[in-house]
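Please look over the sequence and the structure shown below before reading on. The paragraphs that follow lead through the structure step by step.

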Amino acid sequence: MKTSKIILIISAVFGLGLLIVFLLNNYSKKKIKILDCEQTYELDKPKLGYLEVSESNAKVDVAICLCEKYLENKDKKYKKEILKLYNEPFGGIRLIIENPEKNIDSLCKHRNNVFTKMYNL
């Protein structure tokens, strides 16, 4: 009886330890949703010497989606969100649009050059 309790306690501690290790090493899925554009990305622990760029790249996808929606109907709600993302630093090189608020059509026309993804080489 005493031996089975000890084995049960050791098994429980070992199982809990495995669960904690799994949760700490496992990636987590995150979602960015702005209006009707959304992108899911996995957030991994960055490797030594590399930057974690998955969130920035997901924002790029959302910004491009918002531009496509804006070009369809010129709705100001899309313009507002596009400008927020444009003014947010992505950390990558991007095409600079002078006075983006007035040139929103140009910004969206060249969306793939304005909002660019980053890659670790």
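A useful place to begin is L35, which sits in the loop between β1 and β2. The model is a predicted one, and in it the phi of L35 is near 55 degrees, a positive value in a residue that is not glycine. Most residues other than glycine have a negative phi. With a relative accessibility of 35%, L35 counts as partly exposed, since the range for that label lies between 20% and 50%.

The two strands on either side of this loop form a hairpin, with two residues between them. Strand β1 covers residues 28-34 and strand β2 covers residues 37-43; they run antiparallel and are joined by seven bridges. Within this pairing, the residue that stands opposite K31 is T40 in β2.

A positive phi is also found at K74, where the angle is about 55 degrees although the residue is not a glycine. K74 belongs to the loop between α2, which spans 54-73, and α3. Its relative accessibility is 42%, and K74 therefore counts as partly exposed.

From the hairpin, the path leads on to a covalent link. The structure holds one disulfide, and this disulfide joins C37 to C65 with an S to S distance of 2.1 Å. The link connects distant parts of the chain, because C37 lies in strand β2 and C65 in helix α2, 28 residues apart. Because the torsion about the S-S bond of C37 and C65 is about -75 degrees, the disulfide is left-handed. C37 itself is buried, with a relative accessible area of 0%, and two further cysteines have that value as well: C67 is buried at 0%, and C108 is buried at 0%.

What makes up the largest nonpolar core? This core has 22 residues, and those with the most contacts inside it are V62, L66, I82, I104, L107, C108 and F115. The elements that give two or more residues to the core are β1, β2, α2, α3 and α4, the last of these spanning 104-109. Helix α2 provides the largest share, with eight residues.

One of the core residues just named, F115, also takes part in an aromatic pair. A search of the whole structure finds one such pair, formed by Y86 and F115, whose rings are arranged edge-to-face, with 6.3 Å from centre to centre and 90 degrees between the planes. Y86 lies in helix α3, residues 76-87, while F115 lies in the segment after α5, residues 111-114, so the pair ties together parts that are 29 residues apart in sequence. Both partners are in the interior by the measure used here, for Y86 is buried and F115 is buried too.

The last stop is R111, whose place is in helix α5. Is this residue buried or exposed? At 18% relative accessibility R111 counts as buried, because the label applies under 20%. When its neighbours within four places in sequence are left aside, R111 is in contact with I64, C67, E68 and L71. Among these contacts is C67, which was met above as a buried cysteine with a relative accessible area of 0%.

Conventions: Residues are numbered from 1 along each chain as its sequence is written. This is a predicted model: local features need pLDDT of at least 70, side-chain atom pairs count only at pLDDT 80 or more; totals for chains, interfaces and linings use all residues. Side-chain values use heavy atoms; hydrogens and water are left out. Two strands pair if DSSP finds at least two bridges between them. Helices (H or I, at least four residues) and strands (E, at least two) are DSSP runs, numbered from the N terminus. Rings of Phe, Tyr and Trp (its six-membered ring) pair if their centres lie within 6.5 Å; planes under 30 degrees apart count as stacked, over 60 as edge-to-face and the rest as tilted. Buried means under 20% relative accessible area, exposed over 50%, partly exposed in between (1.4 Å probe, protein chains only). A nonpolar core is a set of buried Ala, Val, Leu, Ile, Met, Phe, Trp, Tyr and Cys residues joined through side-chain atoms within 4.5 Å. A disulfide is a pair of cysteine sulfur atoms within 2.5 Å. Contact means heavy atoms within 4.5 Å.
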